[in-house]
Amino acid sequence: MGNKRNSPEAILPTRMTLQIPAESEIRFSVLDFPYEEALRSFMDRFAAIYKRKHNVDELPYSLRPPRGQLNDAILALAPGLIQAFEYVKDGDEYHSRMVTFTHYREDGLPQDVPTLGQLRSLIRHWLELWGEKSEVREIIAGDGKQAWETLLRTVEGNPETEWRHGITPLKLVFEPNSESGLAYVALPALLSALLHGKQMELTSEKGSYLITWRRANDGGKNGLYLVTNPLPYNDDYFAYCLDFSVQTQAGYVDERGESRLWVFAHLSIRRYITETLNYKGEGRTVSVLVGCNRNRFFGGWEHDTTLINLGVQSGSQGWQWESGVERLLDSFSTRKLMSPNDLFSEPFRYAHYLNTQELESDEYYIVYAEGRRFGSERERKHQVKTGTSLRERSQIIEGVLSLLGGWLLASPPLKKDVQNPENTFALRDYEYMVSDRKDQSRQRASWRTALDTALESSGHSYLHIVVLYRTEFLRDWARQQIAETLMGVDEGNYPLVTVTCEQVQPTLYHPLDTGYLPPDYMYWPRSKKTKTQTDKWNKLMVEQYSAKREIWRDYIRHLNWQPNARRLLLIESTGETKQGDLNIHPDRKVKGAIRDACHREGVLAQFIVGERLKLDTDSKRAGKLHPESDGKLQNAVLDLIVRQQGILYAAPSQIYELAAELNPEIAEKLDVVAFCRVERNSPVRLRYVLAVRLRANGEVSVILPHQLGEWLPYTIAAHEIGILFSNERSKLFNHKAQSLLRLGHQDMLYFVHNVLTKHLERPTLAVIEAEGWRNSRGKGESRQCWTQLQNGALYQHRDVLRFDNSRVFSRNARGLENLLGVVRLRMNSETPQYVTADNWAAEEVMRDVPHLTGYVDTGVSDLLHFFSLAGKQDTQNEMQIAELFRGDIKHRARHDIAYRHPQLIEMVPFFVHSALDNDVGKLQLCRCIHFLRISPAFTNGEIIQPYPMHLGETLIEDQLAIVNADA
């Protein structure tokens, strides 16, 4: 790989402990929604009337009172709040709760919180605005009139709840689960309040700045964070964002054995648009940070300048505030919210970029996101790149610790274990394997052995790849890429691979036919559609999907396949993005039908949009693909030939023995079983799991929940899952229907239990993510899934397998002799950021680690915490990293999260076999999983999950197109 630089001996995580001064007088107040029962009772009656009148099973979500609109208005009118009425879980019940700081008058009474009278006025107005919707008005003026009048009288009367004041931070620190988990909301907000208005100096590659921290709130349960004043960079502006969160860690406990809290500090960049925003057709919400520096509907918080995030969407009348919040705000303010159309035409005019405007005027900062187009004369991208450097991260955290004056105490650094030794082809990537050398015989021999192993696992002797092309351009470039990827195994006297090409007729790609219905019917407003037409559309789509699938089955069946060969198709598709100027509705797309047809004919398939491949315009690279196009083609071919067959370039036993330093006798027999889970809630609701087994020789097999009798070869399992998705397709389109693809937590838990106790044939190491398996619980389910994966339970029960109270297995239980241990993974927002130094004030140049490296947490002695950190070469740019590392953007969507630095992956082994139940043995088990964060289908980086888990989740995700859920 060419980079011999060693990884640093220690890294410092951005996590701290909270130290509450004894003299602190800060308190919190909470208020449950004061008319929850009355509103719930009315909505039960309203829903019953609507369902009877319209003969439907469920009230459309669009007809429910818009809680987001109410909360947006409350935050804008009372910016000092920590959160508006957000739902929280209390036991098995949910209720909505408001949280704020408590300020006290000289007589000791609380002040500066919304009074119940003020909230009552706003809530009533909110309900009356909702009642103006035509479908709502029809009911509340008819059969629901009495229930509606009862609700309004209740809102005018005594509330169901009262403010509860005087909750101390210390109580939340020592009892984090009290008050329905208030600590996880209130303590980060406390730090934001302490830093609000504080200043510090920063010098970075972007410039030298005096920054002032300011509170901002994006809404939701944990919406409060800090943002700096707008900072200039060339012709653009940006701000640093600082986000605090509270986390527990298995084994991080106090002297009473109770969980202690870590405070994570998360730094990111927010970029602003200062020129005309042009593009309206993308369908995404545009975020605007708004400073409502206006007369509020109650006194107090006069100097609070918290920015509120309000959404804007493109509609029939141009840009519009997303939740309709302006209708509420304009009724309670002396000034109306600005029209988004005016704002987007002159963004610079309505923000305080130059700090010259008085704060009495409202502020509007349009947040830039990738893909936005702006600029009055030319459309351009933002000049500030996403993410922060390690030096910026270090300086800001150091400054924050100083500003807080002892409120936060930094944690000790993590100590280096081992880095990637790169002494086996199993740890090499594609680029290394195909690069020119004097002698490539060892690489080719290892690749051929790996391909032989993959073919033999399913009883095939050869590999036959067919390129279905629309253009000769794609055909020629695909053949070149395939030849490079195969590394010569298709040559000589005994070729393992045959490659052929065939041109496809365009009619095969035509979208599903809509008959007499307009192709854009499903995009019509609700008021223009009829139930009869919608039912007809749905019926047509079912029929046309089946017809298209059978056409493709017949076509695939008659391709000139080689006998006894595993069949692979590289399909040049159109992308299905447009038909003229009309966006094709997902129901009409044919990708799912084609993949379905391939599975039913026993063919693995990979799609590539040929029209997106372009030649390089640089004269120095004449006749070559543009690097971006080259990457897309390479990824498609590698996914088909390597990932979809579950191949490594050498036996993983070499990883276990040479890198993890496991006993050779165990390494040569070790199975690694990964439990994989994929869940989607939109556009269809599904939750499916499976287990992938990686054998020591590289053979990959899968066991499925509905076929628990045997392990299937990876490629055969792909067809089984694809056909299952096809058979369950109609059930998934019915949101309430039971389906084998909607597993409940009991099904998931039984699956893990069954695999671990009945299907382990050799020494086995199991690996599972905490997220999802630990917290998963669907509607109507009374319990969560595998609660042993929770931090407190894992620490308490680390030497047993505890599926539930009636299924507890000790280490000597029959059937578990082969289980060497289980490794739990945590990642994303559950692990902290870091810097590659052992102190915040370090002066040396900070760089990302160059190799896959393990670090050990020395701050928790009772339970091993191994942190896996992917390597990043200095030559990698941000675009490459964005493709290779899956970060925590889904958890922190408000920030422009970058994949600029690899994230930490936490590994905790439990239920460890007695032969390995020591410090060295546990480290070896973690290293086995750590060094499996490799994929021969990647270059210049490591995957987030260990390879068998990556294989399992992508195997499920491959099938999402069959149910229109791959967007």
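The following exchange asks how several descriptions of this predicted model are justified.

Author: In this predicted model, local features need pLDDT of at least 70 and side-chain atom pairs count only at pLDDT 80 or more, while totals for chains, interfaces and linings use all residues. Residues are numbered from 1 along each chain as its sequence is written, and side-chain values use heavy atoms, with hydrogens and water left out.

Reader: What makes β12 and β13 paired strands?

Author: Strands are DSSP runs of E with at least two residues, helices are runs of H or I with at least four, and both are numbered from the N terminus. Two strands pair if DSSP finds at least two bridges between them; β12 (residues 236-247) and β13 have 11 bridges in the antiparallel sense, so the criterion is met. Within this pairing, Tyr 237 stands opposite Tyr 272 in β13.

Reader: How do you know that β2 and β13 pair?

Author: Strand β2 (residues 15-18) joins β13 over 2 bridges, in the antiparallel sense, and at least two are required. Met 16 has Val 263 of β13 as its bridge partner. β13 also pairs with β17 (residues 363-367), again antiparallel and over 2 bridges, where Tyr 272 faces Val 367.

Reader: Why is β13 called mostly covered?

Author: A residue is buried when its relative accessible area is under 20%, exposed when over 50%, and partly exposed in between, using a 1.4 Å probe and protein chains only. Of the 12 residues in β13 (residues 262-273), 12 are buried. Both of its faces are covered, with Trp 262 and Phe 264 among the buried residues on one side and Val 263 and Ala 265 among those on the other.

Reader: How do you know that the length of helix α19 agrees with what it should span?

Author: The expected span is 1.5 Å times one less than the number of residues; for the 14 residues of α19 (residues 714-727) this should be 20 Å, and because the end C-alpha atoms are 20 Å apart, the two agree. Helix α19 is also mostly covered, with 10 of its 14 residues buried, including Tyr 714 and Phe 725.

Reader: What makes up the contact of α2 with α3, by class?

Author: Contact means heavy atoms within 4.5 Å, and residues of α2 including Leu 70 and Ile 74 meet residues of α3 including Leu 119 and Trp 126. By class, this contact has 7 nonpolar, 1 polar and 1 charged residues, where Ala, Val, Leu, Ile, Met, Phe, Trp, Tyr, Cys and Pro count as nonpolar, Asp, Glu, Lys and Arg as charged, and the others, Gly among them, as polar.
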